[in-house]
Amino acid sequence: MSKEYSLDHLDVAAFAKANAVIEGEEPVSAFERLAQEAHASVDGMMVSWYAEGEHEPETGGPGQLWLHLDVEAQLPMQCQRCLGSVTMPLHVERSFRFVKDEATAETLDDEAEEDVLALNKDFNLRQLIEDELLMALPFVPMHEVCPESVPMASSDTDFEAANEEKTNPFAVLAGLRKNAD
């Protein structure tokens with residue numbers, strides 16, 4: 001028997017205990033905050049995701065509940081070198097361990113290598129996917145090699161010539177001082 005799981009209302013405990021898998025593909029526009037980061041239209045661009053639950057039994061305990069997430073997307077951003085549009089590939093592969101409440105999650109999060117989240121019967125997996133993609137955005141999006149040459153000079157020759165033509169104001173003062181003596 002196959003159970004349907006909702007991306008927006010996931011019972012994480014049931015999902016993990018069943019070692020269930022859900023996957024899908026949705027348009028980038030379905031992820032509002034992510035779409036706002038785009039420099040160009042996201043029409044036709046998709047977010048592909050795969051989520052797998054896992055229950056690790058523990059001797060004398062309830063066991064650990066895990067959610068393994070793998071997400072891929074592409075997002076058009078502005079190249080910070082040439083200011084043109086660059087399509088940045090985004091990939092997230094993370095595992096989350098779920099614990100009974102927020103207080104436990106907060107306590108364990110500093111000590112644990114993995115991400116620790118509070119267990120929730122109405123967990124929003126779509127929001128987690130979007131959060132992870134937003135954190136995967138590059139700080140400085142750039143082409144490997146820009147399609148157009150980028151001028152690397154800080155000033156042009158006319159600027160330097162204008163500076164050379166100006167007389168130094170201290171030289172003028174020194175000249176006045178000599179004339180006064």
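What percentage of the 181 residues of the chain count as buried? In the predicted model examined here, the figure is 30%. The chain contains six helices and five strands, and these elements follow one another along the sequence in the pattern α-β-α-β-β-β-α-β-α-α-α.

The strands are considered next. An open sheet of five strands is present, with the order S1-S2-S3-S4-S5 and mixed pairing. Its edges are formed by strand S1 (21–27) and by S5, each of which pairs on one side only. On average, neighbouring strands of this sheet are turned by 25° against each other when direction is ignored. S1 runs antiparallel to strand S2, which spans residues 46–58, and seven bridges join the two. Within S2, Tyr-50 is the residue that stands opposite Glu-23.

S3 and S4 also run antiparallel and are joined by 14 bridges. Leu-65 has Phe-98 of S4 as its bridge partner. The two strands S3 and S4 form a hairpin, with six residues between them. In the turn of this hairpin, Leu-83 adopts a positive phi of about 65°.

The pairing of S4 with S5 is in the parallel sense and extends over four bridges. In S5, Leu-117 is the bridge partner of Phe-98, and Ala-118 is the bridge partner of Val-99. Phe-98 is thus named in two bridges, with Leu-65 and with Leu-117. The side chains along S5 alternate between the faces. Val-116 and Ala-118 point to one face and are buried, whereas Asp-115 and Leu-117 point to the other face and are not buried.

The largest pocket has a volume of about 270 Å³. Its lining comprises 14 residues, of which Glu-102, Leu-117, Ala-118, Phe-123 and Leu-128 are the closest to the pocket centre. Two or more lining residues are contributed by each of helix H3 (102–111), strand S5 (115–118) and helix H4 (125–136). The greatest contribution to the lining of the largest pocket is that of H3, with four residues. By class, six residues of this lining are nonpolar, three are polar and five are charged. Leu-117 and Ala-118, listed among the residues closest to the centre of the largest pocket, point to opposite faces along S5.

The second largest pocket encloses about 210 Å³ of space. It is lined by Lys-17, Glu-58, Pro-62, Gly-63, Gln-64, Leu-65, Arg-97, Phe-98, Val-99, Lys-100 and Leu-119. The elements that supply two or more residues to this lining are strand S3 (61–78) and strand S4 (85–99). S3 gives the most to the lining of the second largest pocket, with four residues. The lining of the second largest pocket divides into five nonpolar, two polar and four charged residues. Leu-65 and Phe-98, both in this lining, are bridge partners. Val-99, another residue of the lining, is bridged to Ala-118 in S5.

The cysteines were examined for disulfides, and the count comes to zero. The closest cysteine sulfur to that of Cys-82 belongs to Cys-79 and lies 3.7 Å away, so the pair is too far apart for a bond, the cut-off being 2.5 Å. Cys-146 is likewise in no disulfide, and its nearest cysteine sulfur, that of Cys-82, is 3.7 Å away. The accessibility classes of these residues were also assigned. Cys-82 counts as partly exposed because its relative accessibility is 25%, while Cys-146 is buried because its relative accessible area is 12%, the limit for burial being under 20%.

A contact between residues distant in sequence involves the segment before helix H1 (12–17), where Leu-7 is found. The C-alpha atoms of Leu-7 and Asn-124 are separated by 6.4 Å, although the two residues are 117 residues apart along the chain. With a relative accessibility of 8%, Leu-7 counts as buried.

Methods: Residues are numbered from 1 along each chain as its sequence is written. This is a predicted model: local features need pLDDT of at least 70, side-chain atom pairs count only at pLDDT 80 or more; totals for chains, interfaces and linings use all residues. Side-chain values use heavy atoms; hydrogens and water are left out. Buried means under 20% relative accessible area, exposed over 50%, partly exposed in between (1.4 Å probe, protein chains only). On a 1 Å grid over the protein atoms alone, a cavity is a set of points where a 1.4 Å probe fits but cannot get out, and a pocket is an open set with protein on both sides within 12 Å along at least five of seven lines; lining residues have an atom within 4 Å of a point. Grid points are joined across faces, edges and corners, and a volume is the space filled by probe spheres set on the points. Ala, Val, Leu, Ile, Met, Phe, Trp, Tyr, Cys and Pro count as nonpolar, Asp, Glu, Lys and Arg as charged, and the others, Gly among them, as polar. Two strands pair if DSSP finds at least two bridges between them. Axes are lines fitted to C-alpha atoms, for helices over the stretch in contact, and angles run from 0 to 180 degrees between N-to-C directions.
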